[in-house]
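Me: I am new to this structure and should be grateful for a close look at how its helices pack against one another. Please also cover the points along the chain that deserve separate attention.

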Amino acid sequence: MSTPVVTVKKICCIGAGYVGGPTCAVIALKCPHITVTIVDLNEARIAAWNSPNFELPIYEPGLEEVVRQARGKNLFFSTHVDQAIQEADLIFVSVNTPTKKAGIGAGFAADLNYVELATRQIARVATSSKIVVEKSTVPCRTAESMRTILEANSKPGVRFDILSNPEFLAEGTAIEDLFAPDRVLIGSLQSNEGLAACKALANVYGNWVPKERVLTVGLWSSELSKLAANAMLAQRISSVNALSAICEATGANIDEVAHAVGYDSRVGPKFLRASVGFGGSCFQKDILNLVYLSESLHLPEVAAYWRQVVDMNEYQKARFSRTVVDTLFNTITGKRLAVLGFAFKADTGDTRESASITLIRNFINERALVNVYDPKVEENQIWLDLQEALPSQTKESIQKSVKILPSALEACKGAEAVIIATEWKEFKEIDWQKVYDGMNKPAFVFDGRMIVDADKLRQIGFKVKTIGRGERV
């Protein structure tokens, strides 16, 4: 006998971060008949989501417009976690799953502490049956652990159906991705109850996502698909970055090589842009997760294969730092460098695993003085990231080496070199003549994102070094 499909009227999302916030805000906008409550224990974060002037805790193009349209109607942000759990038909678990810093699997495995705490809270509070959806990026078979916890702690007559619904959002285009996703992936147990829960969530997305774009698969396949997708995207970046090193050594141009390769319809042009290295909350974390999973399944060759993607990324950042030192006459001690961009990529304020952090750490270790400018990253976040990257130094000692400036022009004033670390559009449009006039000579530009017109800059008088191009300065 088939299990009846629940009509979802109330959704609770545990976790008001980069995934839960935008995802559930868009669900609320597209499903005005569903009440969506996003909960978080972080009072300051919820206060920011509720701020009267819409100073949201995360920057994402288009997000503010979505929240403006839905907040207070059917979209709510709250710290009352228990109440939201009790009232919901469907609960998204969208909490942080950082890489473990200590214990078994440190540096590789995902820390599932927050997922477990959220799961235990659902089991403790729920007085009616719920569909529980893991939205956080998690290792394979996490859903099984969640189910075990829920079933062991559930009240009589309360049942939980677990789904996996990984997000495939790219920061900077998350709202576009949510409005028109390539695919929505829902994993469930292949039992009657599991398939009915899967249909209930598919019906929510069906309010705006075409049916053929909603893919329903087994629970474990869904969990692994997310790790696999990020690993393969990161692999492309590391592949093109490995080729960029060959280009610099031979005089080839990585832009031309990538363009030629991308014309092959089997390869395609996306994610073939060389850079100083990938960052963000997902790529490195998910690959290391895959490495740990492979090792725990006694597949050392598979683990070593994926590990190399991260190793190549670290190599690219180290290589770029070394190029700066070598080009500036083999020493940057006491020299002022302007680092433009601190976010891991343009159109986001997220700094997790940003290449800039590694570059600035390397420059400080070489005793350089660093000016930093980013149009979106909060000053406080920059200090936090640099303190974490330089644990042996106090904030005060870091502040002797680093200044945070309010504009790109001010950051470049008096510098020996400009390092472009994030591809913000405004860095293409700076008045480079003004920058040159204010710098020490010879003035160098190191373009880690291939965004400036090197020939134009050379005409002004700059010495230019672009990643993946084999010209000599």
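Reply: What follows describes three helix contacts in turn, together with several local features of the chain.

The model is a predicted one. The description begins with helix H5, residues 113–125, and helix H6, residues 142–153. Their axes come within 9 Å and cross at roughly 30 degrees. Because angles under 35 degrees count as roughly parallel, H5 is roughly parallel to H6. The crossing in which H5 passes H6 is right-handed. On the side of H5, the residues that take part are Val115, Glu116, Thr119, Arg120, Ile122 and Ala123. They meet Thr142, Met146, Ile149, Leu150 and Asn153 of H6. Sorted by class, the residues of this contact comprise six nonpolar, three polar and two charged. A general point helps in reading such lists: an α-helix has 3.6 residues a turn, so residues three or four places apart point the same way.

The second contact involves helix H9, which spans residues 219–250 and has 32 residues. From its first C-alpha to its last, H9 reaches 47 Å, close to the 46 Å expected at 1.5 Å a residue. Just after H9 comes Gly251, with a positive phi of about 95 degrees. The partner of H9 in this contact is helix H11, residues 283–296. The two axes come within 9 Å and cross at roughly 115 degrees, and the crossing is left-handed. H9 contributes Leu224, Lys226, Leu227, Asn230, Ala231, Leu233, Ala234 and Ile237 to the contact. From H11 come Phe283, Asp286, Ile287, Asn289, Leu290 and Leu293. The contact of H9 with H11 has 10 nonpolar residues, along with two polar and two charged ones.

The third contact joins helix H12 (300–327) to helix H13, residues 355–365. Here the axes come within 10 Å and cross at roughly 45 degrees, which makes H12 oblique to H13. The crossing of H12 and H13 is right-handed. Lys317, Ala318, Phe320, Ser321 and Val324 of H12 make the contact with Ala355, Thr358, Leu359, Asn362 and Phe363 of H13. Its residues fall into six nonpolar, three polar and one charged.

Beyond H12, the loop that leads to strand E9 (336–340) contains Phe329. Phe329 has a positive phi of about 60 degrees although it is not a glycine. As a general rule, most residues other than glycine have a negative phi, and most peptide bonds are trans. A cis peptide bond joins Lys441 and Pro442, with omega at about -5 degrees. Pro442 is found in the loop between H17 and strand E13 (444–447).

The aromatic residues complete the account. The structure holds 10 aromatic pairs, one of which is formed by Tyr373 and Phe427. Their ring centres are 6.1 Å apart and their planes stand at 65 degrees, so the pair is edge-to-face. This pair links distant parts of the chain, the two residues being 54 residues apart. Tyr373 is in strand E10 (residues 369–373), whereas Phe427 is in the loop between strand E12 (417–420) and helix H17 (432–438).

Terms used. Residues are numbered from 1 along each chain as its sequence is written. This is a predicted model: local features need pLDDT of at least 70, side-chain atom pairs count only at pLDDT 80 or more; totals for chains, interfaces and linings use all residues. Side-chain values use heavy atoms; hydrogens and water are left out. Axes are lines fitted to C-alpha atoms, for helices over the stretch in contact, and angles run from 0 to 180 degrees between N-to-C directions. Helices (H or I, at least four residues) and strands (E, at least two) are DSSP runs, numbered from the N terminus. Angles under 35 degrees count as roughly parallel, over 145 as roughly antiparallel, 65 to 115 as roughly perpendicular and the rest as oblique. A crossing is left-handed if the near helix is turned anticlockwise from the far one by less than a right angle, and right-handed if clockwise. Contact means heavy atoms within 4.5 Å. Ala, Val, Leu, Ile, Met, Phe, Trp, Tyr, Cys and Pro count as nonpolar, Asp, Glu, Lys and Arg as charged, and the others, Gly among them, as polar. The expected span of a helix is 1.5 Å times one less than its number of residues. Rings of Phe, Tyr and Trp (its six-membered ring) pair if their centres lie within 6.5 Å; planes under 30 degrees apart count as stacked, over 60 as edge-to-face and the rest as tilted.
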